[in-house]
Amino acid sequence: GNNGALPSSPYLIPYVRNWEQFDVALTLPYAEIYIELEDPRKYAEAVQRAREAEQQDGRKREIWVAPPRMFKTGEDFITKQLLKCGADGFLARNHEHLTALSQHRMRGDFSLNVANHLTANYLIDHWQLERLTASYDLNTTQLDALLSKSQPGWFEITLHQHMPMFHMEHCAFAAFLSKGTDFTNCGRPCDRHRVHLRDRVGMHHPLKADVGCRNTVFHHEPQQAADALPRLLRMGVRRIRVEFVREDRKQALTALRAWQDCIDGRIDAAQLQER
């Protein structure tokens, strides 16, 4: 299990959702990379790419796969596909994953909604999770309370992400871009089109589908909490997650370099925001 031990210096974990972001992450000195792709069959390729990169530069990388957020009865085939990819570990995103992936290395994602130390303790202790991501519903005071009553080494904190605003059964791709009703007859427009939802102030919020045809709407602006970083480091947090949705190679690289500079103390929160 996890004894809450801390690495000496803080480090970044990129969370990527496309190949451009993944390839950038492979070129940078990250020991761990999280990847979430729409098609679970592509995870084997991600692991393969990482192993090839390791052979070239001799640097070990752990590839962690993020399964779909929801699990419904009859979707065991998705879990079976995941287990074939050769990943180093999995992000448990719901309680079904805790059981189905229990023979493998697991970390708990934000969707387990860990908001207090009792839940944290139960998940670490009972399911032998290596780490947890704190719930995205916490403000800084609540996060402080969670960390101070738990082992800080249990947690990784997401400090840069496009907040997932809606996660729904309804598939907007099938509804608006096809005459079909589900994946059997919609022609899978989600494979070919990039869709944003435009809100009343003109912001374009990215829409993503998963393998179960569920849709997530992400906020257009990445939310970042660099100003909380010094305090989190003082409280013992050492693992900082940076999440991407639609970013291309250049955008991902810019963000990761800026965060690295921030963690290393070369720039402050205001300079990070600027970059």
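This passage describes two pockets and one buried acidic residue in a predicted model.

Local features were taken at pLDDT of at least 70 and side-chain atom pairs at pLDDT 80 or more, while totals for chains, interfaces and linings use all residues. Residues are numbered from 1 along each chain as its sequence is written, and side-chain values use heavy atoms, without hydrogens and water.

A pocket is an open set of points on a 1 Å grid over the protein atoms alone, where a 1.4 Å probe fits, with protein on both sides within 12 Å along at least five of seven lines. Lining residues have an atom within 4 Å of a point. The largest pocket has a volume (space filled by probe spheres set on the points) of about 820 Å³. It is lined by 31 residues, and Glu-38, Asp-39, Lys-42, Cys-190 and Asp-191 are the closest to its centre. Helix α3 (76-83) contributes to this lining. With three residues, α3 gives the most. The lining holds 15 charged residues (Asp, Glu, Lys and Arg), alongside 11 nonpolar and five polar ones.

The second largest pocket holds about 480 Å³. Its lining has 23 residues, with His-160, His-162, Pro-222, Glu-247 and Ala-255 closest to the centre. Here α9 gives the most, with five residues.

Asp-210 sits in the loop between β10 (204-209) and β11 (215-218). Asp-210 is buried (under 20% relative accessible area, 1.4 Å probe, protein chains only). Yet Asp-210 has no salt bridge (a side-chain nitrogen of Lys or Arg within 4 Å of a carboxyl oxygen of Asp or Glu). Arg-214, the nearest side chain of opposite charge, is 4.4 Å away.

Note on methods: Helices (H or I, at least four residues) and strands (E, at least two) are DSSP runs, numbered from the N terminus. Buried means under 20% relative accessible area, exposed over 50%, partly exposed in between (1.4 Å probe, protein chains only). Lys and Arg count as positive and Asp and Glu as negative; His and the chain ends are not counted.
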